[in-house]
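Colleague: I am new to this structure. Please take me closely through one part of it, strand by strand, and explain your terms as you go.

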Amino acid sequence: MVKKNQTLGEFIIENQEAFPYSSGELSRLIRSIRLGAKVVNHEVNKAGLVDIVGNYGETNVQGEDQQKLDVYANEKFIQTLINREIVCGIASEENDDFIIIPGKKKDNRNKYVVLMDPLDGSSNIDVNVSVGTIFSIYRRVSEIGTPVTKEDFLQPGNKQVAAGYIIYGTSTMLVYTTGSGVNGFTLNPALGSWYLSHPDMRFPEDGRIYSINEGNYVHFPQGVKKYIKYCQEEEGDRPYTSRYIGSMVSDIHRNMIKGGIFMYPKSSKAHKGKLRLLYECNPMAFIVEQAGGKASDGYKRIMDIEPEELHERAPFFCGSKNMVEKAEEFMEKYRDKE
Ligand code: AHM
Ligand code: MG
């Protein structure tokens, strides 16, 4: 039963049976992410005070500049999960390859793997704009007790057992699903406790916000261009409002509350878009669907894509069901004009 203002700890205990395979392992895993989030939150909040912003001087596997807080968040989440011996493997947007966690007694019998984007939207940190952490949890497919393999991570999104995000905004929130709805918890920084502030979050079926980087307009497929023009037309409840933070977690979080569509399509510059299927699209798609919204690559369900590589990208359209379906209609209509 969902009770507003419950702490996350109470919520996890009370809802344990609703978790898939409820052995307690997944609950421990969520608790450990909750801990990592508090540590990262503390550091993110200090970013304006201390000289922590700026590039770390390394580039990640996608050839992008890494910033100090990306590295910090990556290390903290990995450390927390390893120290608590809660998972058997981790893949992160910031690491070239996945990490095998052997377990201290060399017999790690944990069932779950975690995939994460430790700090999404990190180019926003030094301008005091919200950033987020995204995580996705799967049961391993290889034999328990053996080292994890790539196949444990290359599972389609429809196999996720849990997913969530943390948004470091005007307040810090943890929003997650274990496949039976979406709940949002707000951190009380004075007490270090998370309270259920957004029980059973629902994506409005319709919305009036469209979020896309229109600076890329000339490079977009025809279907996207036509859909943008449709959003801007004076008719019925249109024109819609354009809102784009450039921090996906924040853009989708806002749209989930107010109703809207978020798009990062492919373009003539990036033929699969920018966002990573495993660390960004799948977990957000799971949350969005669990809240009654829709997530697609413009043609088909994001969570049904069979991944081939850890760092692969996918075009991403997600949000209010009717808006995503309308965008898909345009994509289909102009499919041969891409
Ligand atoms: P990142 O993982 O390097 O931070 O990139 C992902 C972010 C998303 O949060 C956001 O939606 C997108 O990049 C913005 O990209 P752009 O600046 O191309 O619009
Ligand atoms: Mg990212």
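Modeller: Two strands pair if DSSP finds at least two bridges between them. Strands (E, at least two residues) and helices (H or I, at least four) are DSSP runs, numbered from the N terminus. This is a predicted model, in which local features need pLDDT of at least 70 and side-chain atom pairs count only at pLDDT 80 or more, while totals for chains, interfaces and linings use all residues. Residues are numbered from 1 along each chain as its sequence is written, chains are lettered from A and ligands numbered from 1 in the order in which they are written, and side-chain values use heavy atoms, with hydrogens and water left out.

Take strand S8, residues 172-177. How much of S8 is buried? Buried means under 20% relative accessible area; exposed is over 50%, and partly exposed lies in between (1.4 Å probe, protein chains only). For S8 the count is 6 of 6 residues, so the strand is largely enclosed by the rest of the structure. Look at its two faces. Thr 172, Leu 174 and Tyr 176 point one way. Met 173, Val 175 and Thr 177 point the other way. Both sets are buried.

Now the neighbours. Strand S7 covers residues 162-168 and runs antiparallel to S8, joined by 6 bridges. These two strands form a hairpin with 3 residues between them. Find Tyr 168: its bridge partner in S8 is Thr 172.

Next comes strand S9, residues 182-188. S8 and S9 also pair in the antiparallel sense, over 5 bridges. Two partners help you trace this pairing. Met 173 bridges to Thr 186 in S9, and Tyr 176 stands opposite Asn 183 in S9. The hairpin of S8 and S9 has 4 residues between the strands, and Gly 179 there takes a positive phi near 100 degrees. S9 is mostly covered too, with 6 of its 7 residues buried.

Follow the chain to strand S10, residues 193-198. S9 and S10 pair in the antiparallel sense over 5 bridges. Phe 185 has Leu 196 in S10 as its bridge partner. Another hairpin joins S9 and S10, with 4 residues between them. Gly 192 in that turn has a positive phi of about 75 degrees.

For a second covered element, turn to helix H7, residues 277-290. There, 12 of the 14 residues are buried, so the helix is largely enclosed by the rest of the structure. The buried residues include Leu 277, Tyr 279, Glu 280, Pro 283 and Phe 286. After H7 comes Gly 292, with a positive phi near 95 degrees.

Glu 280 leads to the magnesium ion (ligand 2). Donors are N, O and S atoms within 2.8 Å of the metal (3.2 Å for Na, K and Ca); water is not among the atoms, so sites may look incomplete. The protein donors here are Asp 117 (OD), Asp 120 (OD) and Glu 280 (OE), lying 1.9 to 2.1 Å from the ion. Their spacing in sequence is D-x2-D-x159-E. Asp 117 sits in strand S5 (residues 112-120) and Glu 280 in H7, 163 residues apart, so this pair links distant parts of the chain. Both are buried: Asp 117 has a relative accessible area of 1%, and Glu 280 has 1%.
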